[in-house]
Amino acid sequence: MSGESEPDFGFETEASLIYTETPQPVLVKGKFGDFCFYTNGSPDRGRSNEDFFLLHTTDPSADCGAVGDGAGFYGNGGEMATILATELQAGFKSGDLSEVESNAHTRMSQAITRNNEMDGGASYVAWKITGNKLRFRSAGDVRLIVLDENGQVVGSTKDQHQPPPSDNVVWNCVSATKKPKPERLKEFKVELQPGYRSIIASDRGWKDVSKSSSHDARRLRLEQSIRSSNEAVAGLVRGKSTEDATQAILTALEQVPVGSEGTDDTTLCVYDFTSTPD
């Protein structure tokens, strides 16, 4: 999503809550709109949820939150997600997210050294809505899209999970072995209008990327997948209420054939922007 770079991602905050299990979607009345979120672990994998939803409601001037997803490549996705979630929580409380990725990287690195592991990481999108401005930071394959009042896609983050020829790495998420990229340590801004809708989801909320032996072909398929999955999600939710839109996506996910490893964890948030302050 194109956007204006901002120097700070500040919050006037006191507290935030981290959710990892919500058996049913939760509807929240925000300051500038309504949002509905859901997070739950895979029923097939015999482990706790490696996704999370962070809800921040005490900023008097903004609606804030985050979706995160632990990278499961090395079997430590839950620990990596917990590290990132608590660093985001600390950032919301302090009013500054600029050091979240660096702090999480340091703690992740210490964790894999302590546990004699190769790597680890987690993806996220964190956002703040003030007035009609949507500000966000992101890393990895958690995605955010914006729909206009007619339900048409007007913006989308790009998946930053673009694998090199070998898939056996954590790539472009917040990583235990790779320092955060300077160009990603900034905020982006999008202007909203009443009736606009934002959807944020971990990777299960979007179409899987097809495998290919060619790195270039993978990148092309990724771009095609982003466009097609954005349009598919937009079609599912068009004309539906906040709760019904959330449920429509969850119902569609239930109908996706289950692979050999079972379903993945699922985290989803639908935010409907209704008005600017008086």
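Me: Before we start, what do buried and exposed mean here?
Reply: Buried means under 20% relative accessible area, exposed over 50%, and partly exposed in between, with a 1.4 Å probe and protein chains only. This is a predicted model, in which local features need pLDDT of at least 70, side-chain atom pairs count only at pLDDT 80 or more, and totals for chains, interfaces and linings use all residues. Residues are numbered from 1 along each chain as its sequence is written, and side-chain values use heavy atoms, with hydrogens and water left out.

Me: Which residues of α2 are called exposed?
Reply: T113 and R114, on the other side of α2 from its buried residues, are exposed. The buried ones are V100, E101, A104, H105, M108, A111 and I112.

Me: What makes these buried residues line one face of the helix?
Reply: Seen down the axis of α2, they fall within an arc of 130 degrees, so they line one face. The arc is that of the directions from the helix axis to the C-beta atoms.

Me: What covers the buried residues of α2?
Reply: The cover includes α1 (77–94), β6 (121–130), β7 (133–139) and β10 (174–175). Helices (H or I, at least four residues) and strands (E, at least two) are DSSP runs, numbered from the N terminus.

Me: Why is α1 called roughly antiparallel to α2?
Reply: The axes, lines fitted to C-alpha atoms over the stretch in contact, cross at roughly 150 degrees and come within 9 Å. Angles run from 0 to 180 degrees between N-to-C directions; under 35 counts as roughly parallel, over 145 as roughly antiparallel, 65 to 115 as roughly perpendicular and the rest as oblique. That crossing angle therefore makes α1 roughly antiparallel to α2.

Definitions and conventions:
Contact means heavy atoms within 4.5 Å.
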